[in-house]
Amino acid sequence: MPKLITTLGRFDREQLGLILPHEHVFVDLRTPDQPGYATGDGEDVVRLMAPEIEAIKAQGVTALVECSTGGVGLRVDIDLAVSKATGLPIVVPTGNYREPWIPDWVRDASDADLERWMVSELVDGVGDTGVVAAWIKVSAGDDGITPIETRILRAAARASAQTGAIIGSHTIKGRVVLDQLDIIEAEGGSASRFISIHTQEEKDFGLHKEVFARGAWLEFDHIGRAPDDDIVALVRRALEAGQGERLLLSHDRGWYDPAQPGGGTPMPYTHLVASFLPALRAAGVDEAVITRLTHDNPFNAFAR
């Protein structure tokens with residue numbers, strides 16, 4: 001049976017409830033060549049972020065997916081420290097972000113080296129943290145996928161095919177997502193193991209339908225950052241189009257930012273439970289569908 005791989009071990013579906021599939025604990029949006037990039041003390045991050053985690057635990061959230069990746073400050077050791085301090089399982093990725101957030105070693109690596117790196121983190125663990133990555137996070141440029149982004153995606157597709165790990169991509173344009181799915185399938189991967197992150201940024205619903213028809217997952221991850229009424233309407237449209245079986249909902253919020261004094265001011269992860277789900281219920285979405293969207297779908301997407 002598939003299990004969700006986390007900082008606190010592997011979990012069955014029955015052991016978990018609501019899962020937030022797109023959040024951040026620690027992010028550095030400076031490029032990797034900047035002084036101080038991705039530096040941070042675990043205790044300082046725990047000080048800032050543990051209260052945010054405790055708040056969602058009190059709401060019944062049982063796991064959180066870390067969506068920071070290589071190039072934007074992924075620190076699995078810090079995710080582990082926060083997870084141990086709060087008792088909340090955190091799901092971490094391997095992979096790398098888009099240009100210009102690509103470190104020199106990734107740019108210089110061969111396709112085979114990138115594939116071996118991802119597979120190693122998905123099977124053996126990330127560095128000396130003891131934490132196994134559950135999934136692969138990549139990205140593509142807004143106007144099209146670049147040659148180096150294509151190389152990263154090809155390696156990700158092969159790593160996904162070997163391990164069953166899902167690939168999630170920060171991609172704004174639906175037509176670029178379709179190009180990514182072509183690349184994944186050409187490398188022996190499956191569109192069914194792909195999440196179109198930030199689907200809401202593509203305003204052409206016809207492209208949502210095309211991506212879903214290929215077998216991919218859709219993710220609306222701007223809850224709490226856009227009016228609830230607008231997102232409720234978008235979710236209802238997706239449900240009416242039959243997309244509820246592969247639809248994910250989250251905030252894309254957090255986080256400790258090492259470029260800011262004291263890590264900055266985090267944005268809470270609480271809006272989905274406190275405000276958005278009541279709005280969905282008020283709009284007539286029944287409890288079984290809400291459970292599927294917030295419990296079953298995130299587990300099914302990220303488990304392997």
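Here a colleague asks a modeller how the terms used for this structure are justified.

Colleague: What kind of model is this, and which residues count?

Modeller: It is a predicted model, where local features need pLDDT of at least 70 and side-chain atom pairs count only at pLDDT 80 or more, while totals for chains, interfaces and linings use all residues. Residues are numbered from 1 along each chain as its sequence is written, and side-chain values use heavy atoms, with hydrogens and water left out.

Colleague: Let's start with the sheets. What makes strand 8 and strand 9 a pair?

Modeller: Two strands pair if DSSP finds at least two bridges between them. Strand 8 (residues 167-170) and strand 9 (residues 194-197) have 4 bridges, in the parallel sense, so they qualify as a pair. Within that pairing, H170 stands opposite I197 of strand 9. By strands I mean DSSP runs of E with at least two residues, and by helices runs of H or I with at least four residues, both numbered from the N terminus.

Colleague: Which sheet do they belong to, and why is it called open?

Modeller: They sit in an open sheet of 6 strands, in the order 6-7-8-9-10-11, with parallel pairing. Its edges are strand 6 (93-94) and strand 11 (247-249), each of which pairs on one side only. Strands of a sheet pair through backbone hydrogen bonds, either parallel or antiparallel.

Colleague: How is strand 7 joined to strand 6 and to strand 8?

Modeller: Strand 6 and strand 7 run parallel and are joined by 2 bridges, with T94 opposite I136 of strand 7. Strand 7 and strand 8 are also parallel, with 4 bridges, and there V138 stands opposite S169 of strand 8.

Colleague: Why is strand 7 called largely enclosed?

Modeller: Buried means under 20% relative accessible area (exposed is over 50%, partly exposed in between, with a 1.4 Å probe and protein chains only). In strand 7, 5 of the 5 residues are buried, so the strand is largely enclosed by the rest of the structure. Both of its faces are covered, with W135, K137 and S139 buried on one side and I136 and V138 buried on the other. In a regular strand the side chains alternate between the two faces of the sheet.

Colleague: How do you know that T94 is buried?

Modeller: T94, in strand 6, has 0% relative accessibility, so it counts as buried. Contact means heavy atoms within 4.5 Å. Setting aside neighbours within four places in sequence, the contacts of T94 include W117, M118, W135 and I136.

Colleague: And what about V92, buried or exposed?

Modeller: At 1% relative accessibility, V92 counts as buried. V92 lies in the loop between strand 5 (90-91) and strand 6. Beyond its neighbours within four places in sequence, V92 touches residues including T7, V76 and V132.

Colleague: What makes a group of residues a nonpolar core?

Modeller: A nonpolar core is a set of buried Ala, Val, Leu, Ile, Met, Phe, Trp, Tyr and Cys residues joined through side-chain atoms within 4.5 Å. The largest one here has 77 residues, of which I136, V235, L249, F276 and L280 touch the most other members. Another core of 21 residues lies apart from it, among them A63, C67, I197 and F302. In soluble globular proteins, nonpolar side chains tend to be buried together.

Colleague: How do you know that the span of helix 6 agrees with its number of residues?

Modeller: The expected span is 1.5 Å times one less than the number of residues. Helix 6 (residues 174-186) has 13 residues and should span 18 Å; its end C-alpha atoms are 19 Å apart, which agrees. Its buried residues include V176, L178 and I184, and strand 8 and strand 9 are among the elements covering the buried residues of helix 6.

Colleague: Where does helix 10 bend?

Modeller: Helix 10 bends by about 40 degrees at D296, and a proline, P298, follows within four residues. The bend is the angle between axes fitted to the seven residues ending at a residue and the seven starting there. Even so, the 16 residues of helix 10 (residues 287-302) should span 22 Å, and its end C-alpha atoms are 22 Å apart, which agrees. Buried residues of helix 10 include V289, L293 and F299.
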